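Good morning, colleagues. Please turn to the structure on the screen, and I shall take you through one part of its fold.

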Amino acid sequence: MPAERPLAPFGRRSCNVASFADDGGYRLFTLIDDEGPVPAPGQFYMLTEGPDWLATSGRPFLPRAISVARTSGDPGNLRLEFLIDVIGPGTARLNELKGGDRCMIAGPFGRPFSLPNAILPGSVGAVLVGGGIGIAPMAVLRRHLVSRGVPTRTLLGFRDREHSGAVDTLFGCEETRLAFEDGSSGHRGYVTDLLSVILEGDDPSGAVVYACGPPAMLEAVRKMCSHHSVPVELALESPMACGFGACFGCAVPRAEGGYLRLCVDGPVVRGDEISTAMAGEV
Ligand SMILES: Cc1cc2nc3c(=O)[nH]c(=O)nc-3n(C[C@H](O)[C@H](O)[C@H](O)COP(=O)(O)OP(=O)(O)OC[C@H]3O[C@@H](n4cnc5c(N)ncnc54)[C@H](O)[C@@H]3O)c2cc1C
Ligand code: FES
């Protein structure tokens, strides 16, 4: 059964920026959305920094897709938190926002994560795997699963300590297992090493894996889960121009032929729906 998707209000809307703070190598900011529904875990918004986004010459022209990392409050006064990795002109402009500024959003968009029982009837729990900026949708999914009593293990990977700052903010004192490529803390290596221990060591039958992170990490997770016959949902990325299915800019090949538009058929897809998680890489 497909996960229920809250419907986005028509068009773009202006939201107040409530706060914006450095959090390790990323920036976390909060918007107050007084029109939209509560998003489901894995959904995303198309963001533009404000009316000036289009008024100045040069890039960026198009909104940027950003996953929601945490929500609180109720429709009418909903707080949406986003984690930003500044990699280009769009995220740099979003990074200039300050408390009290306005930000244009459209959404929530996309197919969210499914509950484990909807993927695997009788499933006994979930394993969440997040890498880098991909920890954002894992944070909101983790809260969703825990609030429904689903036993959940969380594995998070980072290139270095600096880029793990948001872990404390988004995961608090919840139990997580961490991997650092530079060995500064936790396991030295990739987060997929931690997943491998779980898939090899336990009886993985009955578990469902969820992952978001860089394409190479997602591809490794997809292959490992396929090898162990463990169902997996992956939150993929691709360049997105519209976010609602009109432009086909986000198309990635479907395993059985044809294409998926990641903004409407994803960004969350089952591992067996695609033949590689690297297809959306640019
Ligand atoms: C569904 C979805 C959710 C996302 N959630 C977040 C989020 O929570 N936080 C966040 O910071 N970013 C997120 N992104 C990524 C963000 O939308 C893109 O990286 C965006 O292009 C950044 O815009 P920019 O103008 O700063 O950089 P751009 O100029 O667009 O890109 C800068 C460089 O990064 C490369 N690049 C851009 N997108 C990708 C990609 N998908 N894969 C590999 N390389 C790429 C480009 O080739 C370029 O070299 C998400 C993307 C999608 C599709
Ligand atoms: S971003 Fe336009 S169709 Fe997906």
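In this predicted model, seven strands make up an open sheet of mixed pairing, and their order across it is S11-S10-S9-S8-S12-S13-S16. The edges are formed by strand S11, residues 187–188, and strand S16, residues 268–270; each has a single partner strand, so one side of each is left without a neighbour in the sheet.

Let us now consider S8, residues 125–131. Is this strand mostly covered or mostly open? S8 is mostly covered, with six of its seven residues buried. On one side, S8 pairs with S9 in the parallel sense, through six bridges. S8 also pairs with S12, again parallel and over six bridges. Val129 illustrates both pairings: its bridge partner in S9 is Leu155, while in S12 it stands opposite Ala211.

How are S8 and S9 connected to a helix? Together with helix H3, residues 135–147, the two strands make a β-α-β unit, and this unit is right-handed.

Moving on from S9, which spans residues 152–158, we reach S10, residues 177–180; these two strands are parallel and share four bridges. Here Phe158 is found opposite Phe180 of S10.

Finally, I turn to two helices that lie against these strands. Helix H5, residues 191–201, packs on the sheet and touches S8, S9, S10 and S11. Its direction makes about 150° with that of S9. Helix H6, residues 215–227, lies across S8, S12 and S13, and runs at about 170° to S13. S8 is thus touched by H5 and crossed by H6.

How values were computed
Residues are numbered from 1 along each chain as its sequence is written. Chains are lettered from A and ligands numbered from 1 in the order in which they are written. This is a predicted model: local features need pLDDT of at least 70, side-chain atom pairs count only at pLDDT 80 or more; totals for chains, interfaces and linings use all residues. Two strands pair if DSSP finds at least two bridges between them. Two residues are in contact if their C-beta atoms, placed from the backbone, lie within 7 Å. Axes are lines fitted to C-alpha atoms, for helices over the stretch in contact, and angles run from 0 to 180 degrees between N-to-C directions. A residue is buried if 20 or more other C-beta atoms lie within 10 Å of its own, exposed if 12 or fewer, and partly exposed in between; C-beta atoms are placed from the backbone. A crossover is right-handed if, with the strands pointing away from the viewer, the path from the first strand over the helix to the second runs clockwise.
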